[in-house]
Structure formats: C-alpha cells, structure tokens
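Ready for some practice in reading a protein structure? Take a look at the model below, then work through the exercises one at a time.

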Amino acid sequence: MKSLYFVTNSEAFEREDDFFASVDSALEGGIDYLQLREKNRTDAEVYRLAMRLKEKADAHGTTFIVDDRIDVAKAVGCGVHLGRDDLPVSVAREILGEDAVIGASVKSVERAKEAEREGADYFGTGALFHTNTKVITKRTSPEMFRAIKETVRVPVFAIGGINRKTLPKLAGLPMDGICVVSAIQYAEDPKRAVLELREMLNRL
C-alpha cells in the first residue's frame with residue numbers, strides 16, 4: 001500500500017493551538033509520516049514544536065521526521081529529512097544511528113544513487129506540480145521520477161502541489177507514496193482530507 005506523508009507548514013496559523021489542532025486531525029485520518037518543516041523558527045522553537053509533535057505522532061504510531069535539523073532529530077529522538085544543501089546522509093547516519101529514518105530530497109539519478117549509497121531510507125522527489133509553499137524548488141518531470149525509481153531500491157515519494165485535483169494525474173507513476181502539505185494542513189477538515197487522499201491514492 002502506498003504511503004501518505006504529511007509535511008507541516010505552520011506559517012499561516014495565527015494561533016499555535018490551531019496549528020496543533022490541524023495536525024491532530026490529520027493524525028486521526030491515518031497519515032503514515034509526519035514531518036515538521038519550519039524554515040523561519042529559532043532553534044528553541046523548532047525543538048519545542050518537535051517535542052510536541054513527536055508525542056502526538058507516537059500516540060498514533062506515525063513515523064515522525066524533522067526537516068533539515070539533525071541536531072533537533074538527535075535531541076528529540078526522531079528521523080530527519082535532508083535537502084541538497086544540508087549535511088550528507090552519511091553524516092546524519094553517524095549521528096543518529098542505524099535505526100533512525102533518514103530521507104533525502106533528490107532530483108537526479110546521480111544524486112539518488114549517491115544518497116542511497118550514503119544510507120538514505122527513502123526519497124522525496126519533485127515538485128511534480130506547481131506549489132505555493134515558500135520552499136524554493138524546481139519542477140521534476142515524470143520521466144525523471146521514473147528514472148530515479150528504476151535506479152534505486154528505497155521508496156520514492158512524489159511531492160509538490162499534490163492535492164485532490166492533481167493526484168489523479170499521477171496514475172501510472174511508479175511511486176511509493178505522496179508527500180502533501182497544503183491540501184492537508186489548510187483543509188477545513190484535515191482528517192477528511194487525509195481519508196479522501198488515501199482513498200484516491202489506493203485507486204491509483
């Protein structure tokens with residue numbers, strides 16, 4: 001069964017309680033992965049949020065990941081997702097240990113091979129569609145996604161602008177799951193959004 005990976009974005013929430021409520025609702029819907037992605041928070045704020053979200057994820061049996069921050073992942077006891085400008089996967093593995101879940105963003109076959117050799121557990125590849133999140137990224141073609149998937153043994157998740165309208169366009173793509181931000185985080189009912197995306201994903 002394909003995985004549903006939720007990447008958080010708290011910037012649009014004026015009240016932190018509303019952000020937590022959105023995450024709680026998504027967890028109730030049955031996400032497989034929960035990633036805390038905070039590009040503009042202090043170290044102390046990221047650590048505090050990570051502690052709260054890990055507790056929530058653990059209660060639902062959901063794998064918890066922190067974006068970029070190997071130090072926070074080590075302090076909290078969770079996995080980490082690394083981008084092209086972060087420390088190498090091999091360094092994260094040395095710091096976090098063999099049991100930690102370590103993901104990487106890859107956009108080329110060469111980078112995918114390198115990250116797999118370094119010990120990555122999964123890849124996020126995209127953006128497959130236009131995305132309104134503030135993370136700077138370039139589009140990835142379906143052909144490149146296929147080439148990466150055919151080259152590596154670890155799971156490859158599609159990311160970037162995935163929602164109820166765009167997901168059907170990924171039919172036939174050899175993906176192991178999808179990473180979703182806005183379509184869950186800013187949904188009026190995140191739990192329902194998760195359930196609807198899960199149903200659609202299972203039909204692909």
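Keep in mind throughout that this is a predicted model.

**Exercise 1. Find out which residues of helix H5 are buried and which elements cover them.**

Solution.

Step 1. Locate helix H5, which spans residues 109-118. Its buried residues are Ala112, Ala115 and Glu116.

Step 2. Look down the axis of H5: the buried residues fall within an arc of 100°, so they line one face of the helix.

Step 3. Now turn to the face of H5 that points away from the buried side. There you find the exposed residues Glu110 and Arg117.

Step 4. Ask what covers the buried residues of H5. The cover includes helix H4 (89-96) and helix H6 (142-151), together with strand S5 (102-105) and strand S6 (122-126).

Step 5. Finish at the end of the helix. H5 is followed by Gly119, which has a positive phi, near 110°.

**Exercise 2. Describe how H5 packs against H6.**

Solution.

Step 1. Start with the general recipe: two packed helices are described by the angle between their axes and the distance between the axes.

Step 2. Apply the recipe here. The axes of H5 and H6 cross at roughly 30° and come within 9 Å. Angles under 35 degrees count as roughly parallel, and that makes H5 roughly parallel to H6.

Step 3. Add the handedness: H5 passes H6 in a right-handed crossing.

Step 4. List the partners. H5 contributes Val109, Ala112, Lys113 and Glu116, and H6 contributes Met144, Ala147, Ile148 and Thr151.

Step 5. Sort these residues by class, and you get five nonpolar, one polar and two charged in the contact of H5 with H6.

**Exercise 3. Work out how helix H1 packs against helix H2 and against helix H8.**

Solution.

Step 1. Begin with H1 (residues 16-29) and H2 (residues 43-59): their axes come within 11 Å, crossing at roughly 30°. That makes H1 roughly parallel to H2. The crossing of H1 past H2 is right-handed.

Step 2. Name the residues in this contact. On H1 they are Glu16, Phe19, Phe20, Val23, Asp24 and Leu27, and on H2 they are Arg48, Leu49, Arg52, Leu53, Lys56 and Ala57. Seven of the residues in the contact of H1 with H2 are nonpolar, five are charged and none is polar.

Step 3. Move on to H8 (residues 190-203). H1 and H8 have axes 7 Å apart and pack at an angle of about 35°. H1 passes H8 in a right-handed crossing.

Step 4. Name the residues here too. Ser22, Ser25, Ala26, Glu28 and Gly29 of H1 meet Pro190, Lys191, Val194 and Leu195 of H8. By class, the contact of H1 with H8 has four nonpolar, three polar and two charged residues.

**Exercise 4. Decide whether Phe6 and Lys2 are buried or partly exposed, and find what each one touches.**

Solution.

Step 1. Place Phe6: it lies in strand S1 (residues 3-7). Buried means under 20% relative accessible area, and at 0% relative accessibility Phe6 counts as buried.

Step 2. Look at the surroundings of Phe6. Not counting residues up to four places away in sequence, Phe6 touches residues including Val23, Ala26, Tyr33, Val180 and Ile184.

Step 3. Place Lys2, which is found in the segment before S1. At 23% relative accessibility, Lys2 counts as partly exposed.

Step 4. Look for its contacts. Leaving aside neighbours within four places in sequence, Lys2 is in contact with residues that include Asp32, Met175, Gly177 and Arg198. Lys2 and Gly177 are 175 residues apart in sequence, yet 4.6 Å apart in space, C-alpha to C-alpha.

**Exercise 5. Where do Asp68 and Ala127 lie, and what can you note about the backbone at each?**

Solution.

Step 1. Asp68 sits in the loop between strand S3 (63-67) and helix H3 (70-76). Although Asp68 is not a glycine, it has a positive phi of about 70°.

Step 2. Check the exposure of Asp68: its relative accessible area is 21%, so Asp68 is partly exposed.

Step 3. Ala127 belongs to the loop between S6 and H6. A cis peptide bond joins Gly126 and Ala127, with omega about 20°.

Key. Residues numbered from 1 in each chain as written. Predicted model: local features only at pLDDT ≥ 70, side-chain atom pairs only at ≥ 80, totals over all residues. Heavy atoms only, no water. Buried < 20%, exposed > 50% of the residue type's maximum accessible area, 1.4 Å probe, protein only. Helix = DSSP H or I, 4+ residues; strand = E, 2+ residues; numbered from the N terminus. Arc of directions from axis to C-beta. Contact = heavy atoms within 4.5 Å. Axes fitted to C-alpha atoms, helices over the stretch in contact; angles between N-to-C directions. Parallel < 35°, antiparallel > 145°, perpendicular 65-115°, else oblique. Left-handed = near helix turned anticlockwise from the far one by under 90°. Nonpolar A, V, L, I, M, F, W, Y, C, P; charged D, E, K, R; others polar.
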